[in-house]
Amino acid sequence: MKKINCMILGAAALLLCCCVGAPDVNTSAYVPKSKAFTPGKILLDNNGRHVNAHGAGFLYDNGRYYMFGEHKVGGTLGNKSIVGVHCYSSEDLYNWRDEGIVLEMSRDPESPIVIGTIIERPKVIFNQKTGKYVMWFHMESRAGPRAKSTNIDDIIAEKPSYKTAKAGLAVADKVDGPYKFVGAYRLNAGKYPMGDESRMKQSREKLDKEYPNWRKMQFKPSDKNKDDIYKDASFLKYFEEGQFLRDMTLFVDDDLKAYLICASEDNATLHINELSDDYQSLTGHFARVFPLEFNEAPAVFKRDGKYFMLSSHCTGWAPNPLRVAVSDSIYGPWKPLGDRTRGFNVSESDRKVNPVLNKQYWRDAADSQTKDTFKSQSTYVIKVNGKKDAFIYVGDRWTPRDAIDGRYIFLPIEWDCDGLPVIRWYGLWDLSIFDKKQK
Ligand code: GAL
């Protein structure tokens, strides 16, 4: 009987291997190798645990892809950083090996990255001149009377203000760390965006004369249609103290110049900042993009000399329609292309007219909704090594009530007949999609 059971188990294991590939013999847990992307499903690492790297950035280094993201704990506490930045690596983008925590939160109450500080959207680039790996991230310091307490209940009770809005910097000698925290900064204090200095100075005079309370102005998306003075006020408010950095990404161009691209001015405007040669500071050259249009979650990629930028609207953790823009220069002018996702949107009334369709159908339909970017928010676009024009959209499907359960949406970026990118929903897909002739 035992023998028969073993045979059945053996046959089942063989069948599983044939379907999903051979297991990785170097891992402690039995984790079948994956040969496809299943967006929105649990993404297992080599130890059989859900990959814990949210708001991630990716780096291709020495034949491997590295994924760096926010390690989240369970519950709403997971929206604060208790552990640090988690790194995984992969040869094929389907199977991820846990490389551990590469930037650790500190237990020292005096540390700028004491546990409970918020570290979001870490991105890493390699600097060829210095041989260093440079990580930038969005940082929000603890605030309030118990800001130095490392007691978990105090951390839970603390309301994040999101008013620090600083760019955090950490540097490592090896891709998988450890990354050493260097500092956190507001950007470009006392500096004007490229080409805007004289207009901004005039705007400042006018604001002082005609709008005595201009520093207290709060903006909303509809203000973009108002007089241009409002656009300038949104920037000038933070001129002395330095500009905000919230959602951010890094982009390294073909000439190895790198840029820190972020939601600034209370999320009203994106800033594109040139980084210094060692990637560890800003040169002071920067441009504002889409003033008062409220973009978050920027992700930039380049194809055939054209720059593309994905971003979202500002609705916190809740998803909203994707925004895509194109430009001939990293600094702009950026032309909006609208929402380039393709799928279908179903409504409650569709459900009523199609009662025969089963629950799974409606679950799939819900996943393919374009009105909320397939229930995700952009975090990065991966350039696939060795394949022409092959890029992958990576988004977060946030679950703020139980942050650790957040899912990852990997989808191919395809090229439409107009030469512009489109993103379609595929519940199951693999890299061979890029070998098919594109329009
Ligand atoms: C989102 C942003 C996230 C996080 C969140 C906090 O809009 O994209 O990275 O900052 O807000 O509410």
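Reader: How far is an oxygen atom of the ligand from an N or O atom in the side chain of Q377?

Author: Good place to start, and please keep in mind that this is a predicted model. Q377 is one of the residues that surround the ligand. Between an oxygen atom of the ligand and a side-chain N or O atom of Q377, the distance is 3.0 Å.

Reader: How much of the ligand does the protein bury?

Author: Taken alone, the ligand exposes 310 Å². Of that area, the protein buries 89%.

Reader: What is the distance from an oxygen atom of the ligand to an N or O atom in the side chain of D247?

Author: D247 belongs to the ligand's surroundings, along with others including E296 and W317. A polar contact needs two N or O atoms within 3.5 Å. For D247, a side-chain N or O atom and an oxygen atom of the ligand are separated by 2.5 Å.

Reader: Which residue has a polar backbone atom 3.1 Å from an oxygen atom of the ligand?

Author: Here the partner atom sits in the backbone, not in a side chain. The residue is also listed among those surrounding the ligand. Its name is G316.

Reader: How many charged residues are in the shell around the ligand?

Author: Happily, the shell can be sorted by class. It has 2 nonpolar and 2 polar residues. The charged residues number 4.

Reader: Where does the ligand lie with respect to the domains?

Author: Residues of the shell come from two domains. Because both contribute, the ligand lies between domain 1 (45–185) and domain 2 (294–439).

Reader: Which strands are the edge strands of the open sheet with the order β17-β21-β20-β19-β18?

Author: This sheet has 5 strands, and its pairing is mixed. An edge strand pairs on one side only. That leads to β17 (341–342) and β18 (377–383).

Reader: Which residue in β19 is the bridge partner of K383?

Author: Strand β18 is joined to β19 (residues 391–397) by 6 bridges, and the two run antiparallel. In β19, the partner of K383 is F391.

Reader: Is F126 buried, partly exposed or exposed?

Author: F126 lies in strand β5 (residues 118–127). Its C-alpha atom is 9.8 Å from that of L256, 130 residues apart along the chain. With a relative accessibility of 30%, F126 counts as partly exposed.

Reader: Which residue's backbone nitrogen lies 2.7 Å from a polar atom of the side chain of N151?

Author: N151 sits in the loop between β6 (132–140) and α2 (152–157). At 39% relative accessibility, N151 counts as partly exposed. The backbone nitrogen in question belongs to D153.

Conventions: Residues are numbered from 1 along each chain as its sequence is written. This is a predicted model: local features need pLDDT of at least 70, side-chain atom pairs count only at pLDDT 80 or more; totals for chains, interfaces and linings use all residues. Side-chain values use heavy atoms; hydrogens and water are left out. A residue is near a molecule or strand if one of its heavy atoms lies within 4 Å of it. A polar contact is a pair of N or O atoms within 3.5 Å; within protein, one must be able to donate a hydrogen and the other to accept it, and residues adjacent in sequence count only if both atoms are side-chain atoms. Accessible areas come from the Shrake-Rupley method with a 1.4 Å probe; for residues, only the protein chains shown count as cover. Ala, Val, Leu, Ile, Met, Phe, Trp, Tyr, Cys and Pro count as nonpolar, Asp, Glu, Lys and Arg as charged, and the others, Gly among them, as polar. Domain bounds come from an automatic or database domain assignment. Two strands pair if DSSP finds at least two bridges between them. Helices (H or I, at least four residues) and strands (E, at least two) are DSSP runs, numbered from the N terminus. Buried means under 20% relative accessible area, exposed over 50%, partly exposed in between (1.4 Å probe, protein chains only).
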